[in-house]
Amino acid sequence: MTLAPVLAWELSEDHEVGRAAGSVAAAATGLFGVLAMWAWRARPHTSRSTYRQVADAAEVLAHLVHRQWEQEAMLRQLFSPAPLPVLWWDAALPDASDHRSLIGDPVSCRADAPQDLADAFLRLPHRRLVVLGPAGSGKTTFAVLLTLALLRDRAPGAPVPVLLSLASFDPERHSAHDWLTRQITGGYPALTDVQSYGNTAVDDLLAARRVIPVLDGLDELPPPSQPHVLAALNAAFPAHAPLVLTCRTGAYARAVAEAGVLTAAAVIEPAPLDAADALASLRLATPPGPAQRRWDLLAGHVAENPQGPAALALQSPLLTALARTVYADARGDPAELTDARRFPTATAVEQHLLDALVPSLYERAHHPRRPARSALRHLACLAHGLSRQGTHDLAWWQLHHWVPLLERTWTRAVVWSLAAALAALAGYGLHHAAGPRPQLELPGFLLVTGGVALALFTMQCLAARTAPPAGARPRPLRTAALTALCGALSNALFQVVVRRTFTCAGTVETVQHNLKHLTVYGLGIFLVLHASGPPAPPQAPSRGSLTLLHWRERLPRALATVAGAAVLIGAALNLYVLIGIWPSDPWTRRTAVSTVAVWGTGVLTGALFGTVLGVVRAVRTSASRLDVTTPADSVRADRTITLVGAAAAALLFHLPDDVALVMSLATGRGPTPPLPDIALFALSELLPVGVVLALTAFAWPHYGVARLVLAAQGRLPWRLQAFLADAHRLGILRQVGSVYQFRHASLQHRLAASARVPRRRGRQPGGCAAAPARRQS
């Protein structure tokens, strides 16, 4: 029973036209009450950050950034035993830097002296720096070391360096300021604690120049975007705003030729690493004893052939770091690099070290459950997938793009719609097997299920097409109302076509029946969508946690939500009764309903409604003060919110039906339906729809389906997050906020090139297999 057909049932004893008009009036009244409540609840709440809150936010941000990158530097072995002695000085690239009067004296510093890096940066008049160099020259390492050096001796109130990857910046979709705000709040969700830092803490930090953006990897963006990004940075940051940017030399030269130099920024590049210095660092990284003497033969070869392939390879910080992993930390023999037949060029040395990296790391770790060959195959598949997507960021919430069935909107909508239909059919079978006779025979139930599946399909297609661009202001109320209307109309249209085609129902009866479905499903869908969001994969994962942090500050607003919902729903029910509307259903006869029963039902329903939404809101806006988002933490947070949202959706979608049922039972007339019959019918018809509708609005369900499909094809391991965490701990992957990247782009490209993706034959359809490393001849 539902509130939707109230007027229709009441006026059915008089004439058909009045019945249809009454259904429309009842639907409009019910929806008006709910929309009014949502308009009150969705009103803007602003609390601008105070000066003290902004200062506290800066100190928390400094602590979180320092903790994050210090741990990352340890995993990358940047300080074990010391950074490579790379000398950085003014770039020789013509027309790459601004006027000398703006950038000050020439810059010179060494990477193995962190304080030297910080002093050189702080001596710049405008504290703006561009770090250039070829692939593997240590630009990202320089950015990490500079960030840590600035944080190590940072005075209270000084700007906070924040290292961010530029790979996700699209200047055509959002401004530099908005992108920075989103990246900082996404990487450090503790700053979203409104009670501690206000609503505008990150914006105020940027406006007050209390953040030093350290932007890594301009060259990782598509070449057409690079000049636009450079222009956007010049437009967003005045000449006195501190800024650090890293880029490959050739890419920066092309960007400058089109967009101009970065205003008031000095430009530096590395000197070639001396092979003798590289060998000295490799000796220090090797334990004393016989293992250290393995470098003697290579050292003699390099001294005799200073322009040979081995000597040229050791001038690259990346290849020196790879040589340390393959030889100093493992059992490999560096003397093999002296073989001129195997390694005629420095490129051959690089390819050999890249091929040997993954096996060396897994063999050194003695991983009991993940052999090196299996890990190499999965990493090659990851690299191949990233290269196909044209990105270096392994964002878990984008994994569904790797599965063609889930990448396309209409096929993904079909998958989830069939999942809801099958879940409802399974519930119907359980209902039938449990004993009580179903209220619908199987043909009628299939009719209802088909309409629901079509509604889910159309809503997902609409949500994918109308998703706001990144950085745009969301309009949740309007989006939820439009999507719910689309779903309800799709369901009603399906019911009209099927009933008119396969039954002898008259026009007015068909209209009355479908107005009922339009109202009940429209109302239930609207409640779920406004609580969960549009039914499409989100652009970013949800964040939040189950915590009682600031519960005293949150309690008044939660109580106001519950009280407002109770009053509005109670008023809506009273309106129904005052105009003399109430249904006659299979369990009751027409009778008057007391005001106490109406208000009691409204208060209880509103309390339940407000409590459910309050819980969802509290979970989605809570964060720990010491949170640093990692990929695993991001998955867990989104999973928690998904489960809470799905449980809430099961209640919200069934709420309109429950209200009418409680009101009908409040009359005390007629037989009471069996409780198992009510519960199992709800389980079979409504619960799967609400749950699936909520699941499609979060990232974790799409990721889970994609992960299982890819694992079944043999392309990825079953425990993907554990595998990625192992690869990060071993130094194969690096972590940037909530995404993983390969240790270097060269490693990703080498693994992607070695991956074989069979089309028809192989162990699994679509599976990847890593080709064995080839010896150079």
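This briefing covers the overall make-up of one chain, one of its cavities, one bent helix and several individual residues. The model is predicted. The chain has 777 residues, of which 54% count as buried. Its secondary structure comes to 31 helices and eleven strands. Among contacts with a separation of 6 or more, 79% join residues that are 24 or more positions apart.

**Cavities**

- Searching the whole structure turns up ten cavities of 30 Å³ or more.
- Rolling a probe the size of a water molecule over the atoms shows where empty space is left.
- The second largest cavity has a volume of about 70 Å³.
- Its lining draws on separate stretches of the chain, including Trp69, Arg76 and Thr140, then Leu163, Leu164 and Ser165, and also Arg734, Val736 and Gln741.
- Asp216 and Glu220 are also lining residues of the second largest cavity.
- Two strands, β4 (160-165) and β8 (733-736), each supply at least two residues of this lining.
- Strand β4 provides the largest share of the lining, with three residues.
- By residue type, the lining of the second largest cavity divides into four nonpolar, three polar and four charged residues.

**Helix α17**

- Helix α17 covers residues 346-365, 20 residues in total.
- From its first C-alpha to its last, α17 reaches 28 Å, close to the 28 Å expected at 1.5 Å a residue.
- The helix nevertheless bends by about 35 degrees at Leu357.
- A proline, Pro359, follows Leu357 within four residues.
- Leu357 is itself one of the buried residues of α17.
- The buried set also includes Ala348, Val349, His352, Leu353, Leu354, Asp355, Ala356 and Val358.
- Further along α17, Ser360, Leu361 and Tyr362 are buried as well.
- The buried residues of α17 pack against five helices: α15 (309-313), α16 (317-328), α18 (372-389), α30 (720-730) and α31 (745-754).

**Gly487 in helix α22**

- Gly487 lies in helix α22, which runs over residues 476-502.
- Gly487 counts as buried because its relative accessibility is 0%.
- Not counting residues up to four places away in sequence, Gly487 touches Ala455, Thr458, Met459 and Ile525.
- Of these partners, Ile525 is 38 residues from Gly487 along the chain, and the two C-alpha atoms are separated by 7.7 Å.

**Thr320 and Thr286**

- Thr320 lies in helix α16, one of the helices that the buried residues of α17 pack against.
- With a relative accessibility of 2%, under the 20% cut-off, Thr320 counts as buried.
- Leaving aside neighbours within four places in sequence, Thr320 is in contact with Leu84, Leu273, Ala278, Leu282 and Leu314.
- The C-alpha atoms of Thr320 and Ala278 are separated by 6.5 Å, although the two residues are 42 residues apart along the chain.
- Thr286 is found in a loop, between α12 (275-285) and α13 (290-293).
- Thr286 is buried, with a relative accessible area of 3%.
- Leaving aside neighbours within four places in sequence, the contacts of Thr286 are Ala291, Gln292, Trp295 and Ala328.

**Positive phi in loops**

- Asp95 has a phi near 60 degrees, a positive value in a residue other than glycine.
- Asp95 is in the loop between β1 (87-90) and α4 (100-103).
- Asp95 counts as exposed because its relative accessible area is 67%, over the 50% cut-off.
- Ala264 also has a positive phi, near 60 degrees, and is likewise a residue other than glycine.
- The loop that holds Ala264 lies between α11 (249-259) and β7 (266-270).
- Is Ala264 buried or exposed? Ala264 is buried, with a relative accessible area of 3%.

Note on methods: Residues numbered from 1 in each chain as written. Predicted model: local features only at pLDDT ≥ 70, side-chain atom pairs only at ≥ 80, totals over all residues. Heavy atoms only, no water. 1 Å grid on protein atoms, 1.4 Å probe; cavity = no way out; pocket = protein on both sides within 12 Å on 5 of 7 lines; lining within 4 Å. Points joined across faces, edges and corners; volume = space filled by probe spheres on them. Nonpolar A, V, L, I, M, F, W, Y, C, P; charged D, E, K, R; others polar. Expected span 1.5 Å × (residues − 1). Bend = angle between axes of the 7 residues up to and from the residue. Buried < 20%, exposed > 50% of the residue type's maximum accessible area, 1.4 Å probe, protein only. Contact = heavy atoms within 4.5 Å.
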